[in-house]
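Have the structure open and turn it around as you read. We'll take it one piece at a time.

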Amino acid sequence: MLPQLSAEQVHAALPWGPLADALAAAFMAPPMAPVRTAHALSPADTLLLMPAWNAQAIGVKLVTVIPTAVHHGGHTVDASYLLLDRVTGAPRALLDGEALTVRRTAATSALAARALMAAPPTRLLVVGVGRLAPWMVRAYCALLPSLTQVELWGRDVTTAQRLATTLLDEGLPVSAASRLDAAVAAADIVSCVTTAHEPIVHGAWLRAGTHLDLVGGFTPGMREADTAAVAGARIVVDHAESALREAGDLVQPLADGTLSREQIVGDLGAVLRGEVIVRRDAHDRTLFKSVGHALEDLAAAQLATAAHFPATS
């Protein structure tokens, strides 16, 4: 019988420090990871496939986006991850895809911020209060322990306050922000995890030296930050080919000429290998744009599987 890891088991097997180390190693020596493919199951439903492989393992994340699934007791977005042995091709484990995704996404953003900040940050703002938001807070606080104040902002004030209370009860220094512009202006790091199609964060609000982390947008039509916020930053991406095809925060200003290709300094792997200099001084603003990279899933899945099934690793 194929070993399976539930969401709880995936989270337990991926502590933030070891996960960040595994992700850093994967970014510095990336496996083969083709750009994900999207298949239209119907005008509304989509199947996404995200494969990656290295000398030890092959992994494929299967994601379904089916808006009507909620009417049948399911989720709009569901994901599973299949890990196989690279030598034999035999299946090794099936992992909960959502837990794997939120964990690796949050850890990657915190890893990027740690590499790009000029000085240890003390104030974090998370924009958005969906399923990913609490994991962003947890990852950032674990991997950047200099943070002493975290604010959450969401359009639904009640949801933001409820989530802030939950995280505060976990011992994290979190409160709900009432004004987005003031919270952005006060933050050292602004992390956006929304499904916005129009900019929420504006460049006029950002201080010099701020790091902007854009996570939520994953199609050319989605935007979380305006052109001033993007064009005024030195930009790093998780995967250049995917970001330049899928990230509306970059695709749109590149298309209208308000952002130059030269402002995209490189990908996270190049930064971690020391091949590019992103910050020229403490006043530079930096931006990390992630669209999700299959190498992150593979690294996290290998780490989780080794923790639970060492004989199969």
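What follows is a walk through a strand, a buried arginine, a helix and two pockets.

Keep in mind that this is a predicted model. Let's start with β11, residues 211-214. This strand has partners on record in two places: β10 (residues 189-192) pairs with β11 in the parallel sense over four bridges, and four bridges also join β11 to β14 (residues 286-289), again running parallel. If you want landmarks for the register, look for Ser191, which stands opposite Asp213, and for Thr286 in β14, the bridge partner of His211.

Now look at where the side chains go. In a regular strand they alternate between the two faces of the sheet. Here, His211 and Asp213 point one way from β11, while Leu212 and Leu214 point the other way. Both pairs are buried.

Move on along the chain and you come to the loop between β11 and α7 (227-231), where Arg223 sits. Is this arginine buried or exposed? Its relative accessible area is 6%, and because the cut-off for buried is under 20%, Arg223 counts as buried. Its side chain has polar company, too: there's a polar contact of 3.4 Å with the side chain of Asp249 and another of 3.3 Å with the side chain of Gln252. Leaving aside residues up to four places away in sequence, Arg223 touches Ala196, His197, Glu198 and Pro199, among others, as well as Gly248 and Pro253.

Helix α4, residues 133-143, is another mostly covered piece, with 10 of its 11 residues buried. The buried set includes Trp135, Met136, Arg138 and Tyr140.

Next, the empty space. Rolling a probe the size of a water molecule over the atoms shows where it is left. The largest pocket has a volume of about 1200 Å³. It is lined by 45 residues, and Val77, Thr101, Thr195, Gly216 and Phe218 lie nearest its centre. The elements giving two or more residues to that lining are β2, β3, β4, β5, α3 and α8, with the largest share, six residues, coming from α3. By type, the lining divides into 19 nonpolar, 16 polar and 10 charged residues.

The second largest pocket holds about 180 Å³ of space. Helices α2 (16-28) and α11 (294-308) each supply at least two residues of its lining, and α11 has the largest share, with five. Among the lining residues are Ala22, Pro31, Asn54, Leu295 and Gln302. What types of residue make up this lining? Nine are nonpolar, two are polar and none is charged.

Notes. Residues are numbered from 1 along each chain as its sequence is written. This is a predicted model: local features need pLDDT of at least 70, side-chain atom pairs count only at pLDDT 80 or more; totals for chains, interfaces and linings use all residues. Side-chain values use heavy atoms; hydrogens and water are left out. Buried means under 20% relative accessible area, exposed over 50%, partly exposed in between (1.4 Å probe, protein chains only). A polar contact is a pair of N or O atoms within 3.5 Å; within protein, one must be able to donate a hydrogen and the other to accept it, and residues adjacent in sequence count only if both atoms are side-chain atoms. Contact means heavy atoms within 4.5 Å. Two strands pair if DSSP finds at least two bridges between them. On a 1 Å grid over the protein atoms alone, a cavity is a set of points where a 1.4 Å probe fits but cannot get out, and a pocket is an open set with protein on both sides within 12 Å along at least five of seven lines; lining residues have an atom within 4 Å of a point. Grid points are joined across faces, edges and corners, and a volume is the space filled by probe spheres set on the points. Ala, Val, Leu, Ile, Met, Phe, Trp, Tyr, Cys and Pro count as nonpolar, Asp, Glu, Lys and Arg as charged, and the others, Gly among them, as polar.
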